[in-house]
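Colleague: I am new to this structure and would be grateful for a close look at a single part of it. Please begin with the cysteines and then continue to the strands and helices.

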Amino acid sequence: MRWPHTRNSEHSVILLAMNWDFRVESTRGDLVESVHRVSLAVVDGEGRLVAEAGDPGLITFWRSAAKPFQAMPMVADGAAEQFRFDLRELALTCASHSSEPAHLEVAESLIRKLGLPEQALACGPHPSLSPAVAEQVLRHGTVMTPRWSNCSGKHAGMLALALAHGWPTWGYERQEHPVQRRILAEVERWTGVRAGEMHLGVDGCTAVCFGLSLRSMALAYARFGVSEEPAAVRLRAAVAAHPEMVAGHGRLCTDLLLGTVGMAFAKVGADGVYCASLPRAGLGVALKVEDGDMRSSAPALMAVLRALAGRTPLGFEPSTWPESLTRHEALATVNTRGTRTGVLRAAGELRFLA
């Protein structure tokens with residue numbers, strides 16, 4: 001595809017775009033202003049590639065899309081039972097929450113059950129993922145504490161794991177701590193990637209994050225959706241029962257669980273990562289908007305789900321999607337007066353291999 005000439009007083013530039021098979025386009029008026037390339041992998045529980053785009057073997061950091069697997073040891077090792085975490089609390093341990101009042105309440109409940117001060121959470125506060133909540137915080141001058149972090153539930157789960165094993169709570173977020181070694185073993189088991197072959201880094205919330213291929217991430221989600229292991233069953237039940245805990249009002253992770261009545265579980269990760277489990281089809285999805293644009297990840301995932309639904313039963317039909325879901329397919333771009341100036345939507349096609 002050839003882009004038109006762009007001229008100014010100094011020079012003329014001809015831009016040549018790659019023939020990207022799947023992408024997210026940002027328009028302004030009738031012109032495509034920006035293009036965000038997407039790589040993705042869709043696999044079954046045996047690791048067979050069902051569909052792809054870009055580079056399904058792209059290695060990137062899993063970021064917050066790893067949270068269900070970081071929570072798994074807490075349940076499997078009995079920590080959740082020991083501290084009597086209920087389903088709402090378990091859902092929050094898998095969440096990237098929006099710091100809404102209900103999220104803060106549940107985060108406080110988790111910490112209280114552990115018998116620890118809030119400052120034991122290694123995650124620092126940050127602006128809410130909800131624009132409405134972030135605006136309220138700014139307007140009222142609210143002082144945010146660690147439970148405001150979208151990862152506070154995950155960190156409470158890590159502390160519970162440390163306490164249940166009798167491990168020190170100090171430094172639980174560090175790579176050398178037994179908590180992180182236990183979680184690394186769990187990630188290794190679900191993804192099929194040996195620990196020595198993973199890239200390890202420090203996430204925005206201070207805990208360890210994992211660099212691996214999109215195909216490996218998708219495999220973990222395919223397995224998670226159909227696993228009969230008690231810990232996986234318990235966590236699936238938690239997020240299905242309390243979608244509002246997984247993300248928050250108006251966000252895709254929550255809206256997808258609600259709109260599909262639990263037939264699809266998706267988890268966002270930072271820097272353009274999104275993963276999903278489709279248990280009826282036995283599939284897992286992992287995608288990366290390669291330039292890290294977070295807004296583009298939701299339309300990309302919705303386009304993938306729509307394409308898959310046309311080829312295999314997912315347990316939900318796009319024709320029946322409520323507006324709460326379809327609104328994520330095309331996101332409006334607005335100016336400073338709130339007037340719509342363009343749209344962000346997916347374009348192109350997946351390559352189906354099976």
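**Cysteines, a central strand pairing and a helix contact**

Modeller: The sulfur of cysteine 205 lies 3.9 Å from the closest cysteine sulfur, which belongs to cysteine 151, and this is too far for a bond, because a disulfide requires a pair of cysteine sulfur atoms within 2.5 Å. Cysteine 209 is likewise in no disulfide, and the nearest cysteine sulfur to it, that of cysteine 205, is 8.2 Å away. By this rule the count of disulfides comes to 0. The model is a predicted one. As for exposure, cysteine 205 counts as buried because its relative accessibility is 6%. Cysteine 209 is buried as well, with a relative accessible area of 4%. For both residues the relevant cut-off is under 20% relative accessible area.

A further cysteine leads to the strands. Cysteine 275 stands opposite alanine 286 in β11. Strand β10, residues 273-278, pairs with β11 in the antiparallel sense, over 6 bridges. These two strands form a hairpin with 4 residues between them, and in this hairpin glycine 282 takes a positive phi near 70°.

Strand β11 also has a second partner to consider. Strand β4, residues 31-44, runs antiparallel to β11 and is joined to it by 7 bridges. In this pairing, valine 43 stands opposite glycine 284 of β11.

Strand β11 itself covers residues 283-289 and is mostly covered, with 7 of its 7 residues buried. Its side chains may be followed in two sets: Leu283, Val285, Leu287 and Val289 point one way, while Gly284, Ala286 and Lys288 point the other way. Both sets are buried, Lys288 included. Thus Gly284, which faces valine 43 of β4, and Ala286, which faces cysteine 275 of β10, belong to one set.

The helices complete this account. Helix α1, residues 67-76, packs against helix α6, residues 152-165, at an angle of about 25°, and their axes are 8 Å apart. Because angles under 35 degrees count as roughly parallel, α1 is roughly parallel to α6. On the α1 side, the contact is made by Lys67, Gln70, Pro73 and Met74. On the α6 side, Lys154, Gly157, Met158, Ala160 and Leu161 take part. The crossing of α1 past α6 is left-handed.

Technical notes: Residues numbered from 1 in each chain as written. Predicted model: local features only at pLDDT ≥ 70, side-chain atom pairs only at ≥ 80, totals over all residues. Heavy atoms only, no water. Buried < 20%, exposed > 50% of the residue type's maximum accessible area, 1.4 Å probe, protein only. Pairing = 2+ DSSP bridges. Axes fitted to C-alpha atoms, helices over the stretch in contact; angles between N-to-C directions. Parallel < 35°, antiparallel > 145°, perpendicular 65-115°, else oblique. Left-handed = near helix turned anticlockwise from the far one by under 90°. Contact = heavy atoms within 4.5 Å.
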